[in-house]
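Thanks for making time this morning. I would like to walk through one model with you, going from its outer parts to its aromatic residues and then to its cores and a pocket.

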Amino acid sequence: MKTHPYTHLATYIEICNSIRLVGVPEDAIRLSLFSFSLSREAKRWLHSFKGNNLMTWDEVVEKFMKKYFLESKTAEGKATISSFHQFPNESFSEALETFCCLLRKTCTHGFSEPIQLNIFIDGLRPQSKQLLDAFAGG
């Protein structure tokens with residue numbers, strides 16, 4: 001696969017989101033058209049799942065990312081996410097965008113939302129933590 005797997009999926013979903021059929025769930029559209037977004041080896045890989053073993057869009061995404069997003073990239077991305085820290089001149093909103101970007105770059109990170117929140121908060125500067133506490137009412 002020549003493009004980044006996450007970029008491929010994001011572009012594909014963007015295209016699928018432009019298609020609306022009354023009474024047809026968006027996941028059904030994504031499932032039925034996905035093979036048309038692939039070529040050569042990736043298409044053969046998808047067709048290797050005999051008998052519609054992939055029943056949901058989430059299953060397709062999970063298997064696709066496991067196949068085309070290397071484990072070493074996942075490990076590298078998890079380490080980067082885990083070591084997140086807010087830079088001295090970075091605003092709270094910029095830090096949040098930076099963190100969200102890290103999560104998107106490694107969508108196979110496997111961190112639950114509570115863990116993501118803890119990593120983000122732990123990586124904030126003390127002033128930002130105080131600001132966050134004030135917004136949350138302590």
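Ala134 counts as exposed, because its relative accessibility comes to 58%, and its place is in helix α8. Please keep in mind throughout that this is a predicted model. The helix around Ala134 fits with that value, since of the 10 residues of α8, which spans residues 126–135, the number buried is 1, so the helix lies largely in the open. If you compare Ala134 with Lys73, the two are 61 residues apart in sequence, and their C-alpha atoms are 37 Å apart in space. After α8 comes Gly137, and its phi is positive, near 80 degrees.

A positive phi also turns up in a residue other than glycine, namely Arg40, where the value is near 40 degrees. Arg40 has its place in helix α3, and with a relative accessibility of 56% it counts as exposed.

Staying with accessibility, let me turn to Phe36, which lies in the loop between α2 (26–33) and α3 (40–47). Is Phe36 buried or exposed? At 64% relative accessibility, Phe36 counts as exposed. Its C-alpha atom and that of Gly23 are separated by 22 Å, although the two residues are 13 apart along the chain. In helix α2 itself we find Asp27, which is partly exposed at 32% relative accessibility. Asp27 and Ile13 are 14 residues apart in sequence, and from C-alpha to C-alpha they are 9.8 Å apart in space.

Now to the aromatic residues. How many aromatic pairs does a search of the whole structure find? It finds 12. One of these is formed by Tyr12 and Trp57, a tilted pair with 5.6 Å from centre to centre and 35 degrees between the planes. Tyr12 belongs to helix α1 (residues 5–16) and Trp57 to helix α4 (residues 57–68), so this pair ties together parts that are 45 residues apart in sequence. Both Tyr12 and Trp57 are buried.

A pair with another geometry is that of Trp45 and Phe49, which is edge-to-face, with the centres 5.2 Å apart and 85 degrees between the planes. Why do the two partners fall into separate accessibility classes, given that the limit for a buried residue is under 20%? Trp45 has a relative accessible area of 11% and is therefore buried, whereas Phe49 counts as partly exposed because its relative accessibility is 23%.

These rings also belong to a wider arrangement, in that ring pairs link Tyr12, Phe34, Trp45, Phe49, Trp57, Phe64 and Tyr68 into a cluster. Tyr68, from that cluster, has Lys67 lying over its face, at 5.9 Å from the ring centre. Elsewhere, the ring of Phe111 has the charged end of Lys78 sitting over it, 5.5 Å from the ring centre.

Let me move on to the nonpolar cores. The largest has 16 residues, and the members that touch the most others are Leu9, Phe34, Leu38, Leu46, Trp57 and Phe64. At least two residues of this core come from each of α1, α3 and α4, and the largest share, 5 residues, is supplied by α4. A second core of 10 residues, separate from that one, includes Phe99, Leu102, Leu103 and Phe120.

Finally, I would like to show you the second largest pocket, which holds about 220 Å³ of space. Which of the residues that line the pocket lie nearest its centre? Of the 13 lining residues, these are Phe69, Lys73, Glu76, Lys105 and Thr106. By class, the lining is made up of 6 nonpolar, 4 polar and 3 charged residues. Helices α5 (71–82) and α6 (92–105) each supply at least two residues of the lining, and α5 gives the most, with 5 residues.

To draw the threads together, Trp57 is the residue I would ask you to look at again, as Trp57 pairs with Tyr12, belongs to the ring cluster and is among the members of the largest nonpolar core that touch the most others. For contrast, please set beside it α8, where the number of buried residues is 1 out of 10, so that helix lies largely in the open.

Conventions. Residues are numbered from 1 along each chain as its sequence is written. This is a predicted model: local features need pLDDT of at least 70, side-chain atom pairs count only at pLDDT 80 or more; totals for chains, interfaces and linings use all residues. Side-chain values use heavy atoms; hydrogens and water are left out. Rings of Phe, Tyr and Trp (its six-membered ring) pair if their centres lie within 6.5 Å; planes under 30 degrees apart count as stacked, over 60 as edge-to-face and the rest as tilted. Helices (H or I, at least four residues) and strands (E, at least two) are DSSP runs, numbered from the N terminus. Buried means under 20% relative accessible area, exposed over 50%, partly exposed in between (1.4 Å probe, protein chains only). A charge sits over a ring if NZ of Lys or CZ of Arg is within 6 Å of the ring centre and within 35 degrees of the ring normal. On a 1 Å grid over the protein atoms alone, a cavity is a set of points where a 1.4 Å probe fits but cannot get out, and a pocket is an open set with protein on both sides within 12 Å along at least five of seven lines; lining residues have an atom within 4 Å of a point. Grid points are joined across faces, edges and corners, and a volume is the space filled by probe spheres set on the points. Ala, Val, Leu, Ile, Met, Phe, Trp, Tyr, Cys and Pro count as nonpolar, Asp, Glu, Lys and Arg as charged, and the others, Gly among them, as polar. A nonpolar core is a set of buried Ala, Val, Leu, Ile, Met, Phe, Trp, Tyr and Cys residues joined through side-chain atoms within 4.5 Å.
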